[in-house]
Amino acid sequence: RVVRCERGEVLFRPYGLSGIAVFDLSRQAQVGDEVVLDLLVAAALPEEASLRSRAERSERIHGVVPTYGDILRGMALPPVARVLCDRAQVDERQPWEPAGLDRLDGVVRGLRFTVEGISDARQCQVRRGGVAVEALDPATLEVRKAPGLFVVGEAVDVDGACGGFNL
């Protein structure tokens, strides 16, 4: 079942996935969950919204059958393109063919990762934790069960979606 969907930047880091969409998903992610990326959902140009249209457009423009790597150029960095081709069991240097392109399209639209956990705390921009909001008097920010103790800022268990206001 789908727990949450996000759109936005995803970075492929040596330690795992990162970027704004991943930050926003990390609040709900549990070990063992699956993250599925659709790398074509936000294609910049409608005519490039499928790998087949990218391949056919490239062939029209350049007059040669593009390779799988050519089709991914400009859409994915070379190391990411190699992983996509490997997962689709196609050689990035070979000209595309329908069956191979269908496999590659399936990988690009459904790149799967299993959540192993949250990264090291040193990688975090914002972390949950602190005094529960419900424990505070909203008018004064005094801890109800500890008169005279006031809590503000990062000591309160408040975080939000990425977008600048929590950075």
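How many helices and strands are there in the protein chain? In this predicted model, the chain holds 5 helices and 4 strands. Their order along the sequence is β-β-α-β-α-α-α-α-β.

The protein chain has 167 residues, and 26% of them count as buried. Its exposed area is about 11300 Å². Carbon and sulfur atoms supply 53% of that area. Contacts between residues at least 6 apart in sequence were also examined. Of these, 56% join residues at least 24 apart.

The largest nonpolar core contains 22 residues. Leu51, Tyr68, Leu72, Leu84, Leu101, Leu104 and Val108 touch the most other members. Two or more residues come from each of β3 (34-37), α2, α3, α4 (78-88) and α5. Helix α4 gives the most, with 5 residues.

Tyr68 was examined further. Leaving aside residues up to four places away in sequence, Tyr68 touches Leu101 and Leu104. Its other contacts include Cys85, Val90, Pro95 and Trp96. Asp91, Glu92, Gln94, Glu97 and Gly100 are touched by Tyr68 as well.

Helix α2 spans residues 51-62. It has 12 residues, so at 1.5 Å a residue it should span 16 Å. The C-alpha atoms at its ends are 16 Å apart, which agrees with that expectation. Within α2, the buried residues are Leu51, Ser53, Arg54, Ala55 and Ser58. Residues three or four places apart in an α-helix point the same way, because each turn takes 3.6 residues. The cover over the buried residues of α2 includes α3 (68-72) and α5 (98-109). After α2 comes Gly63, with a positive phi near 75°.

How values were computed:
Residues are numbered from 1 along each chain as its sequence is written. This is a predicted model: local features need pLDDT of at least 70, side-chain atom pairs count only at pLDDT 80 or more; totals for chains, interfaces and linings use all residues. Side-chain values use heavy atoms; hydrogens and water are left out. The expected span of a helix is 1.5 Å times one less than its number of residues. Buried means under 20% relative accessible area, exposed over 50%, partly exposed in between (1.4 Å probe, protein chains only). Contact means heavy atoms within 4.5 Å. Accessible areas come from the Shrake-Rupley method with a 1.4 Å probe; for residues, only the protein chains shown count as cover. A nonpolar core is a set of buried Ala, Val, Leu, Ile, Met, Phe, Trp, Tyr and Cys residues joined through side-chain atoms within 4.5 Å.
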